[in-house]
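User: I'd like to go through this model with you. Can we start with a contact list and then look at the empty space inside?

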Amino acid sequence: MKHPESYRDQEVIVLGLAKSGVQVAKVLHSYGAVVTVNDQKDREQCPEAGELESLGISVICGGHPDNLVHPGISLLVKNPGIPYRVQPIQKALELGIEVVTEVEVAYHICNAPIIGITGSNGKTTTTTWVGQMLEEVGMRPIVAGNIGTPLCEAAQNAVAGNWMVTELSSFQLKGTEEFRPRIGCLLNVAETHLDYHGGMEDYVSSKAKMFANMGEGDTAVLNWDDSTCRELVPYIKAKLLPFSTNEELVEGVYVSPPFIPDVEDSVSRKIVYRDEHGQITDIIPVEEVGIPGRFNIANAAAACAISIAAGAPADRLSGPLSSFRGVEHRLEYVMNLHGVAFYNNSKATNSKATTMALTSFHEPIVLIAGGLDRGSDYMELMAVLSERVKAIVVFGQTAQKIAKVAEIAGLKHIVIVDNEEDAANTLRSAVKEAAAAAEAGDIVLLSPACASWDMFTSYEERGRIFKEAVHNL
C-alpha cells in the first residue's frame, strides 16, 4: 500500500473493530480517507462504534452487507484474526483491491526504526525482554503490536529517537506488502494455526514476510537451532545475526559450552556474544537468568542478539536478564500449596510449547492439558509425557485425543474431566483433580497444547481462571 495520506478522499474499509481496527480507522480518517468500519458482531457488542461515528467514520455492525466491497474501494484493512476466506475479503481480492493488516499502515506512519519479533513460541517473552534491555541502556523503546498496544497507536507517538519493539503474528505479517523492519527476528517455527493458513507452506511464508523487504543496513536475527529458520537464509538480503543454545557460532549470541539437545547435565554455562572480529563478550551465566527453562535461555539469547543489533552494549544486558520474572500465562509461578508448586502456562497453544514447558522442570509433573481441536494428533507429546509426567488431567475438545497419547506413553494416572455447562467449573474440576494427584515436591502445570476457543474467549481468560482455582484450593 501507499502512505495513508495517498488515500485522501478515497473509500477505505476497515474489517473488524477490536483495538487495532479502531486505531487504524482513526489513522486513515485523520489523513482524509473516507472510512467505513464493518464488524459482523451486533451493534450492542461493538462499544467502540459510537466513538468512531462521532469522528465522522461510518460503522456497520451485524454482518457483512453484499454491497460493502465494490470497485470504488481503494484499500481494505483487515483484523489479523479474520480468515481470508470470508466473503468481503474474497470479493476484494477478486476486484484487485489491496488487502493489508494494521502493521502495513503503521509502518508507513512510524518515524522510529522498527524491531519485528515473530515465531511460533516465545514472542511475548522475547519482546518484553528486548524492551527492558533497550530501556536499561537508554534507547527509549516503545513496546507494541500483538503484545498489547496497537501498532498504529504507538506509531503515531513514535519519534526518530525511539525504537519500536513489536511482537508480530503470522496473521499480521501475512497482510503486509512493503513492511520493512530495521531488525527482524524469527524465533522458531512449529506446526500451529494450520486451520487459518491451510498448511505449513502458507504459515512459514507468512512468517518469512518479515524479511521480504529487508536489505543492506538491516539485521535478521535467526534461531540457528531451528532448521526452518536456517532454510530461509538464502532468501534474506539483510545482515545475519544468529543465536543458538546448541552450537558455538562464528558470529552471534550463543550458550557456551553449548547444550546437548535432549540431554540434561550440570555443566556451568554462560550466554556470550562473538562479534564479527571474533571478540567474545560474556553476557550472563545461564543459572542467573530470571526464568526457568532451556527454551527461555533461547529467548534470552534472541533478545540479546536483537538488542545488540540495535546498538546496545553486550556487557550491559545482564541486569534485565536476571531481574526478569516472566510474562503472565507463560510459565508463570502461581503459588506453592503443601509443597506442590503450581504454574500457569496457558499461552502454550501447541504441542511444541507444552513440550518446552515440560522440559523446564526436573520435578515430577502433573499436567493439565486440552482445548480446541484443530486436527492435530498430539503424538509429538508422547516422549515428553513418558519422561516427565507422572499424571495428566485432560479437558476440552481434545481430551480423548491427548488421553490416548498419554496411554500410549505409559501413563497410569489419566483423568478425563467431563465438560460442564460452565467452562470455568470444568477447569476448576481439572485443578482439583491435578492437586489430588500431586504430592509434596511435584509440579502442577497448566500447559494445554491447544487453543482456548472451544471453552474460553482467550488463553488469558483460561489462565486467570486457573490461577483463581489454585488460590481457592
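User: Leaving aside neighbours within four places in sequence, which residues is S346 in contact with?

Analyst: This is a predicted model. In it, S346 is in contact with H329, L446, P448, Y459, R462 and G463, leaving aside its neighbours within four places in sequence.

User: Where is the place of S346?

Analyst: S346 sits in the loop between strand 17 (340-344) and helix 13.

User: Buried or exposed?

Analyst: S346 counts as buried, because its relative accessibility is 0% and the cut-off for buried is under 20%.

User: Switching to L427. Which helix is that in?

Analyst: L427 belongs to helix 16, which covers residues 423-437.

User: And what does L427 touch, not counting residues up to four places away in sequence?

Analyst: L427 touches I368, F395, L446, F456, R462, I465 and F466. Two of those names, L446 and R462, also appear among the contacts of S346.

User: Why does L427 count as buried?

Analyst: Its relative accessibility is 0%, so L427 counts as buried.

User: How far apart are L427 and N299?

Analyst: In sequence, 128 residues separate L427 and N299; in space, they are 29 Å apart, C-alpha to C-alpha.

User: Now the empty space. How many cavities of 30 Å³ or more does a search of the whole structure find?

Analyst: The search finds 2 cavities of that volume or more. The largest cavity holds about 240 Å³ of space. It is lined by 20 residues, and the closest to its centre are G122, F295, R330, N345 and K347.

User: Which elements give two or more residues to that lining?

Analyst: Helix 5 (123-136), helix 11 (294-310) and helix 13 (351-358) do. By class, the lining of the largest cavity has 7 nonpolar, 9 polar and 4 charged residues.

User: What about the second largest cavity: how much space lies in it, and which residues line it?

Analyst: About 40 Å³ of space lies in the second largest cavity. Its lining consists of V14, L15, G16, S20, G21, V24, V77, K78, N79, P80, T101 and E102. That makes 5 nonpolar, 5 polar and 2 charged residues by class.

User: Which element gives the most to that lining?

Analyst: Helix 1, with 3 residues. Strand 1 (11-15), helix 1 (18-30) and strand 4 (73-78) each supply at least two residues of the lining of the second largest cavity.

Terms used. Residues numbered from 1 in each chain as written. Predicted model: local features only at pLDDT ≥ 70, side-chain atom pairs only at ≥ 80, totals over all residues. Heavy atoms only, no water. 1 Å grid on protein atoms, 1.4 Å probe; cavity = no way out; pocket = protein on both sides within 12 Å on 5 of 7 lines; lining within 4 Å. Points joined across faces, edges and corners; volume = space filled by probe spheres on them. Helix = DSSP H or I, 4+ residues; strand = E, 2+ residues; numbered from the N terminus. Nonpolar A, V, L, I, M, F, W, Y, C, P; charged D, E, K, R; others polar. Buried < 20%, exposed > 50% of the residue type's maximum accessible area, 1.4 Å probe, protein only. Contact = heavy atoms within 4.5 Å.
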